[in-house]
Amino acid sequence: MKIRSHSESHIVELDDGSRWKIFPGDLDLTLNWKPVTEIVVMPADDDLSSHLLVGGDAKVRAIAEGESWSAGEVKAVLKEG
């Protein structure tokens with residue numbers, strides 16, 4: 001799939017209409033994404049995110065736009081590095 005919109009740094013909309021929230025610790029990995037970047041959506045194997053978005057030499061953790069991470073989860077992962 002290609003990117004339809006990535007105007008907010010933490011939200012990406014794909015050409016199938018799906019909207020994904022990027023994990024805060026992975027935002028820097030999406031900086032090079034362009035509308036022509038091919039993105040593959042894959043199920044995630046961890047408890048933090050439901051999916052991975054893979055494209056443009058980056059693999060980022062994501063959840064559906066309407067979902068949210070708890071502040072504790074985000075802090076714990078960012079603290080680990």
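**Exercises on a predicted model**

Buried residues account for 33% of the 81 residues in this protein, whose model is predicted.

**Exercise 1.** Determine which secondary-structure elements the protein contains and in what pattern they follow one another.

*Solution.* Step 1: the count of elements gives one helix and six strands. Step 2: reading along the sequence yields the pattern β-β-β-β-β-β-α.

**Exercise 2.** Assess how the radius of gyration of the protein relates to that of a compact globule.

*Solution.* Step 1: for 81 residues, a compact globule would have a radius of gyration near 12 Å. Step 2: the protein has 12 Å, which agrees with that expectation. Step 3: as a complementary description, the C-alpha atoms fill a box of roughly 35 × 25 × 20 Å along the principal axes.

**Exercise 3.** Locate Asp45, classify it as buried or exposed, and state which residues gather with it in a patch of charge.

*Solution.* Step 1: Asp45 belongs to the loop between strand 4 (40-43) and strand 5 (51-55). Step 2: exposed means over 50% relative accessible area. Step 3: the relative accessibility of Asp45 is 81%, so Asp45 counts as exposed. Step 4: Asp45 gathers with Asp46, Asp47 and Glu73 in a surface patch of negative charge.

**Exercise 4.** Describe the backbone angle phi of Asp57, its place in the chain and its exposure.

*Solution.* Step 1: phi of Asp57 is near 60 degrees, a positive value in a residue other than glycine. Step 2: Asp57 sits in the loop between strand 5 and strand 6 (58-64). Step 3: Asp57 has a relative accessible area of 88% and is therefore exposed.

Notes: Residues numbered from 1 in each chain as written. Predicted model: local features only at pLDDT ≥ 70, side-chain atom pairs only at ≥ 80, totals over all residues. Heavy atoms only, no water. Patch = residues over 30% accessible without salt bridge, like charges linked within 9 Å, V, L, I, M, F, W, Y side chains within 5 Å. Areas by Shrake-Rupley, 256 points an atom, 1.4 Å probe, with all protein chains shown as cover. Salt bridge = Lys/Arg side-chain N within 4 Å of Asp/Glu carboxyl O. Lys, Arg positive; Asp, Glu negative; His and termini not counted. Charge placed at Lys NZ, Arg CZ, Asp CG, Glu CD. Helix = DSSP H or I, 4+ residues; strand = E, 2+ residues; numbered from the N terminus. Buried < 20%, exposed > 50% of the residue type's maximum accessible area, 1.4 Å probe, protein only. Rg over C-alpha atoms; globule rule 2.2 N^0.38 Å.
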